[in-house]
Amino acid sequence: MSDKMPAIDPEKEKQDILKAYKKLLRSTKRHEAKGDLKMIRKAFDVALDAHKDMRRKSGEPYIYHPIAVAEIVTSEIGLGAKSIVCALLHDTVEDTDLTVEDMRRMFGDKVAQIIDGLTKLSSVLDIQEDKSLQAENFRKMLLTMSSDIRVILIKLADRLHNMRTMDSMRRDKQLKIASETMYLYAPLAHRLGLYAIKTELEDLSFKYLEPELYDEIVTKLRDTQRQRTRFINKFSFPIINSLNEAGVDYEIKGRTKSVYSIARKMKTQGVPFEEVYDIFAIRIITNSKMSTEKADCWKVYSIVTDHYVPNPSRFRDWVSKPKSNGYESLHTTVMSDSGKWVEVQVRTKRMDDVAEKGLAAHWKYKESGRGTAQAQSAETGFDEWLARIRELLESPDPNAIDFVDDFKLNLFAEEIFVFTPTGEVRTLPADATSLDFAFDIHSEVGVRCIGAKVNGKLYPLSHQLKSGDQVEVLTSNKQKPKEDWLAFVVTAKAKSKIKQALKEENRRIAMDGKELLERKLKQMKMTLDRDLTNKLHKHFKVQTSQDLFIKIAKKSIDFKEIKEFIESTKNASKWYNVLRSRITGTSSPSPTPAEAAPKPKPKEKGDTIVIGDASQKVDYVLAKCCTPIPGDDIFGFVTINEGIKVHRTNCPNAINIRSNYAYRVVPASWASKEDHTSFVTGILITGIDDVGLVNSITTVISKDLNVNMQSIAFESHDGVFEGHIKVMVEGIHHLNNLISNLKKVNGIKKIVREDELDD
Ligand code: MN
């Protein structure tokens, strides 16, 4: 066929290729349907022609590879005609001029879809390689990419054949492919219950990764073969006798551990080959009817343990409850006469097939059990199997996890992989929407996003994406971020960008609102100062002045209301000023005695009582309403029952006292203090509620300044926090010091002495 390689006899080669194809056909025998065979033939012809000028590294015609992959797909995985067709064609779209459209035209939607998946998969793996992303990513990719599990199964077959024929490759390529296989494909095969393939992939990878250890183990296995056979025979002999006597239909095998698992044991246990004790297991496979499977297995188990004592801690019953990937078997480890533990596996022929070939074999059995129309049931059986596998891949239940060990499926459940129109891959969290994708592309794309085409179809921004979707974002310059976008984006990036954009927008609106307010106030001959702003924002119960301005801009606060409020505060402060001037006018102490009042008996130092002076035997208490401390301006009030009560001159009750009972007021002052006695006083802290704020406050009070707290109470409303604290201080300097330290705490807006009306 090719004239580039004159040394090759084209006729002979053609014959050989046909031979390989015939061999493939023989292993597909169970696909009797005529249409299937026709389609397989067509696929073979198309692939043969498409790859006609291509050769593998080994020099053989390329077509051998797709034929071999197809054979693995059918005889080692047990897949049907469609998969054989896809396997034959699996490299055509990627490596030849044929397109997915050609596939669809010639073989229909399903085949086209699977081949498209396979092509995307390899292109993805290539992209990953270029960007040197971690294997982790592409492992997840492999799982999530494929809407049809057959994509993964054919990919596995492809990999297996490549691994089997890697000898003529460059060493560095061998190492790369072997590592990938060990890391990704072998666990994947394990996950899918394809034990035989998993084991072979591991052994082949190991052969390239650690050729010396591999050779050592292979040699030692060969050297100890006879000895092992002797041991197995001796061990099995009594069991065989009893099984025969009981009339069990069975087969018994000695199963040697794979090279790779022996190597792993040697490494994890740090022992030489000779000390790996469970190098082999005995497997007893019964030929059972479906109805007696379980009973047969237990019968065999009973016979085995008649002869050898089992180790209860190493007993596994996967017959009563199969593993999540369908594996069924009884495993027990018993003590042999020579003092060695031996693992015995008991299962039926069906179970053995399932264990080796995965669930495809399982469905094969189910079909024949039903005996329905072959082609029909083959299709349903297969679909059920696919559904089961997909379920397995998608539900990371704990049992499944313990089975896959290092195969962390929950990772994949949390992420999806989506394509840009140019085929670039983006990783997003599972619930991501088109809008998340848009922000992932660029925040400018995100804020202008009005919708997206997903796989060519138009969807709203909130559309949830699936792995494998191809997404084209639609934008408009008129678009602006909306508050409700936050409800359906899941990525941190989208959230923060939307919030940021909304904030900017709000800032702009607030500026407008503020300008509007200032204009209106100007008409009232007023200016907007800090005090008025604060009063307004308190009055209208909004959190910040920005919120106030936004409400004004959006007209949800009408200027009429503002005007009313301003008028009312003006009146209030007018009244207060009048009152205060009246009180201060009469506030000088004038101890005019009145009939009912007891006579105060202040001691020396003029008429002034001195607080804290022990020589003055004056009976006094410090008022609880204003909790005066040394340094405060104070006065005494002569009470009927409690002696002299000391208030601060700016006590909220002072006005009442001095205006109504001026004759009972006595001047008071503090004695200069030497002793460090403490006085209780209250402070009120207001601020923005924040995590850790309380902690910061108490730290400042008790640690930094060594002030004792007598009581502490915090309240929080809509993010605004109030703290009522009674502290023990020596005097006003001490307190002021404390207040100025507290003011440095982030989030604290205001600190005042806390006074109460009506003591
Ligand atoms: Mn291939």
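Helices, in the sense used here, are DSSP runs of H or I with at least four residues, numbered from the N terminus. In this predicted model, A87 is found in one such run, helix α4, which spans residues 81-89. With a relative accessibility of 0%, against a cut-off for burial of under 20%, A87 counts as buried. When neighbours within four places in sequence are left aside, the residues in contact with A87 are P66, V69, A70, V73 and I154. Of these partners, A70 lies 17 residues from A87 in sequence, and the C-alpha atoms of A87 and A70 are 4.9 Å apart in space.

The protein chain as a whole contains 29 helices and 20 strands, and buried residues make up 45% of its 759 residues. Among contacts in the protein chain with a separation of 6 or more, 65% are accounted for by residues 24 or more positions apart.

Packing between helices is illustrated by α11 (residues 195-209) and α14 (residues 259-269), whose axes come within 7 Å and cross at roughly 65°. This crossing makes α11 roughly perpendicular to α14. On the α11 side the contact involves E202, D203 and F206, which meet V259, Y260 and A263 of α14. Sorted by class, the contact of α11 with α14 comprises four nonpolar and two charged residues, with no polar residue.

Strand β6 (residues 341-348) is mostly covered, seven of its eight residues being buried. Strand β2 (residues 280-286) pairs with β6 in the parallel sense over six bridges, and within this pairing I284 stands opposite V346 of β6. Strand β5 (residues 330-335) also pairs with β6 over six bridges, but in the antiparallel sense, with H331 standing opposite Q345. The strands β5 and β6 form a hairpin in which five residues lie between them, and G339 in the turn has a positive phi of about 80°.

Two buried residues outside these strands make contacts in this part of the sequence. S329, in the loop between β4 (316-317) and β5, is buried, with a relative accessible area of 0%. Its contacts, apart from neighbours within four places in sequence, are with R316, D317, W318, V319, Q345, V346 and R347. S329 and V346 are separated by 17 residues in sequence, whereas their C-alpha atoms are 5.8 Å apart in space. A polar atom of the S329 side chain lies 3.4 Å from the backbone oxygen of V346, and the side chain of S329 also makes a polar contact with the side chain of H331, at 3.4 Å. The second residue, R350, has its place in helix α16 (residues 349-357) and is likewise buried, with a relative accessible area of 6%. The side chain of R350 makes a polar contact with the side chain of E328, at 3.0 Å.

Farther along the sequence, five strands form an open sheet of mixed pairing, in the order β12-β16-β14-β15-β13. Strands β12 (609-611) and β13 (620-622) stand at the edges of this sheet, each with a single partner strand, so one side of each is left without a neighbour in the sheet. From one strand to the next, the twist averages 35°. The edge strand β12 runs parallel to β16 (residues 665-670), to which three bridges join it, and the bridge partner of I611 in β16 is W670.

Two residues other than glycine show positive phi values in loops. T627, with a phi near 35°, has its place in the loop between β13 and β14 (634-638) and counts as buried at 8% relative accessibility. K525, with a positive phi of about 60°, is found in the loop between α23 (492-523) and α24 (530-539). In contrast to the buried T627, K525 is exposed, with a relative accessible area of 76%.

How values were computed:
Residues numbered from 1 in each chain as written. Predicted model: local features only at pLDDT ≥ 70, side-chain atom pairs only at ≥ 80, totals over all residues. Heavy atoms only, no water. Pairing = 2+ DSSP bridges. Axes fitted to C-alpha atoms, helices over the stretch in contact; angles between N-to-C directions. Parallel < 35°, antiparallel > 145°, perpendicular 65-115°, else oblique. Contact = heavy atoms within 4.5 Å. Nonpolar A, V, L, I, M, F, W, Y, C, P; charged D, E, K, R; others polar. Buried < 20%, exposed > 50% of the residue type's maximum accessible area, 1.4 Å probe, protein only. Polar contact = N/O pair within 3.5 Å; in protein donor to acceptor, adjacent residues only side chain to side chain.
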